[in-house]
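Colleague: I'd like to learn how to read a model like this one, feature by feature. Could you walk me through it?

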Amino acid sequence: MFRTLDQADVRGKRVLVRVDLNVPAENGKITDATRIERVAPTIREIADKGGKVILLSHFGRPKRPDPTQSLKLVVPALADVLKRPVAFVEDCIGERAAAAVNAMKPGDILCLENTRFHPGEERNDPVFVAQLAELGDLFVNDAFSAAHRAHASVEGIARRLPSYAGRSMQHELEALTNVLHTPMRPLAAIVGGAKVSTKLDLLGNLLANVDILIIGGGMANTFLAARGYSVGKSLCEHDLLPTARDILDKAAAKGREVVLPVDAVVAKTFAANAPSRVVAVDTVAADDMILDIGPRSIEHVCSVLARVKTLVWNGPFGAFELEPFDIGTVEIAEAAAELTAAGKIVTVAGGGDTVAALNAAGAADRFTYVSTAGGAFLEWLEGKTLPGVEVLKIR
Ligand code: AMP
């Protein structure tokens, strides 16, 4: 349980709001305002309730003040999305920041400069935390995507001020809790993507929670090899065969169902439109590369989805950036989206490439929840505690 804006009395108060304004930019122009759109409801709500909204965010990875990574560049896009004026001040602590805050009236919005211009941010330095905390009466965290970092504007400050989850943070936490902690069962997980080695913690945590584990993408090759199939020239981590076997054994011991591909789309080269054919997984030739799952596997996965109530998805089924090796991912995404739209399953997806793959498949907006939080979403799927979330919990 954590406090939300429902419990916050913001009227007339100075409200420090941690947002994620780390938006993609090219030549000083914002190319994607999704992250701004996600935090806009929280900002508007606090302003409409008469709070003074003081925005805190990082932008890029500067180690010192750097005009190319100034949040000043983001302010016009912020004002544009909010349809309200947004003031800016060239520091996030000290006299200038204090003067700008003192000049605010209820309902005003002020964006402070990039918190990472100060080394104390990433070090969670208590002196820097105190300097930030001086500027506010309350703290609202609406940046789930930064919650895996124990940084000053995420974690330290929440220990100093009465703290609340913003609406976007609240929404994300509710969606994630619903799928892994209190899901409607059966619960299935799709884990795809390139390598087993980057997803060992994730597989371990999912095995503990899910009823059915569906493995796709390059990492399925390692599992197929572990089961004794030859995977030719496919991406495969041969040194991890014992690990993959161990995961399969543990799954069997726990009575979990593991779904692996039964057929594959193979090509001789890793390139878009490379000549390809469908083969059963026991007939992959020595010079073949598995680049997608085959039609029988797609059918099998869809039949599994038809009998589950909840799905969590990370990672594509194939090399989806290269046509036509996106077909497995696209067709399964479409099936999951349709089942969701029909109210038959709850679907939560996230993690870097997964969002891109589901967007490309035109399925993302029909999923129950698509997390754009990247690293924080993955750490949560791995069962890790997120410092920025822990500190918001009511004890
Ligand atoms: P990840 O970041 O671990 O989720 O991996 C995503 C990447 O895995 C994408 O760039 C895909 O192209 C890649 N991938 C998925 N399946 C395969 C495959 N069978 N062979 C090579 N790469 C793959």
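Colleague: Let's start small, then. Which residue is the bridge partner of Val265 in strand 14?

Modeller: Before I answer, keep in mind that this is a predicted model. The general idea is that strands of a sheet pair through backbone hydrogen bonds, either parallel or antiparallel. Here, Val265 has Asp292 in strand 14 as its bridge partner. Zoom out a little and you'll find 4 bridges joining strand 12, residues 263–267, to strand 14, with the two running antiparallel.

Colleague: And what is the strand order in the open sheet of 3 strands?

Modeller: Read across, the order is 13-12-14, and the pairing is antiparallel. The edges are strand 13 (276–280) and strand 14 (289–293), each pairing on one side only. If you ignore direction, neighbouring strands in this sheet are turned by 40° against each other on average.

Colleague: What about the open sheet of 6 strands: how is it ordered, and is its pairing parallel or antiparallel?

Modeller: That one goes 11-10-9-15-16-17, and its pairing is parallel. Strand 11 (257–259) and strand 17 (369–371) are at the edges; each has a single partner strand, so one side of each has no neighbour in the sheet. From one strand to the next, the twist averages 15°.

Colleague: Can we do the residue-level view there too? Which residue in strand 16 does Leu311 stand opposite?

Modeller: Look for Thr347, which stands opposite Leu311. The strands involved are strand 15 (residues 310–314) and strand 16 (residues 346–350), joined by 4 bridges and running parallel.

Colleague: On to the ligand. Which residues around the ligand come nearest?

Modeller: A good habit is to list the neighbours, then look at individual atom pairs. There are 15 residues around the ligand, and the nearest are Ala194, Lys199, Gly218, Ile290 and Glu321. For the backbone, Ala194 has an N or O atom 3.0 Å from a ligand oxygen atom. Gly218 likewise places a backbone N or O atom 3.0 Å from a nitrogen atom of the ligand, and for Gly318 the distance from a backbone N or O atom to a ligand nitrogen is 3.5 Å.

Colleague: How much of the ligand's exposed area does the protein bury?

Modeller: Taken alone, the ligand exposes 510 Å², and the protein buries 82% of that. As for the site, the space the ligand takes is the largest pocket.

Colleague: Now backbone oddities. Where are the cis peptide bonds before Pro186 and Pro324 found?

Modeller: Omega is the angle to check. From Arg185 to Pro186 the peptide bond is cis, with omega near 5°, and Pro186 is in the loop between helix 7 (167–180) and strand 9 (187–191). Another cis bond joins Glu323 and Pro324, where omega is about 0°. Pro324 belongs to the loop between strand 15 and helix 12 (327–341).

Colleague: What is the phi value of Lys83?

Modeller: Phi is near 55° there, a positive value in a residue other than glycine. You'll find Lys83 in the loop between helix 2 (75–82) and strand 5 (87–89).

Terms used: Residues are numbered from 1 along each chain as its sequence is written. This is a predicted model: local features need pLDDT of at least 70, side-chain atom pairs count only at pLDDT 80 or more; totals for chains, interfaces and linings use all residues. Side-chain values use heavy atoms; hydrogens and water are left out. Two strands pair if DSSP finds at least two bridges between them. Axes are lines fitted to C-alpha atoms, for helices over the stretch in contact, and angles run from 0 to 180 degrees between N-to-C directions. A residue is near a molecule or strand if one of its heavy atoms lies within 4 Å of it. A polar contact is a pair of N or O atoms within 3.5 Å; within protein, one must be able to donate a hydrogen and the other to accept it, and residues adjacent in sequence count only if both atoms are side-chain atoms. Accessible areas come from the Shrake-Rupley method with a 1.4 Å probe; for residues, only the protein chains shown count as cover. On a 1 Å grid over the protein atoms alone, a cavity is a set of points where a 1.4 Å probe fits but cannot get out, and a pocket is an open set with protein on both sides within 12 Å along at least five of seven lines; lining residues have an atom within 4 Å of a point. A molecule sits in a cavity or pocket if more than half of its atoms lie within 2 Å of its grid points.
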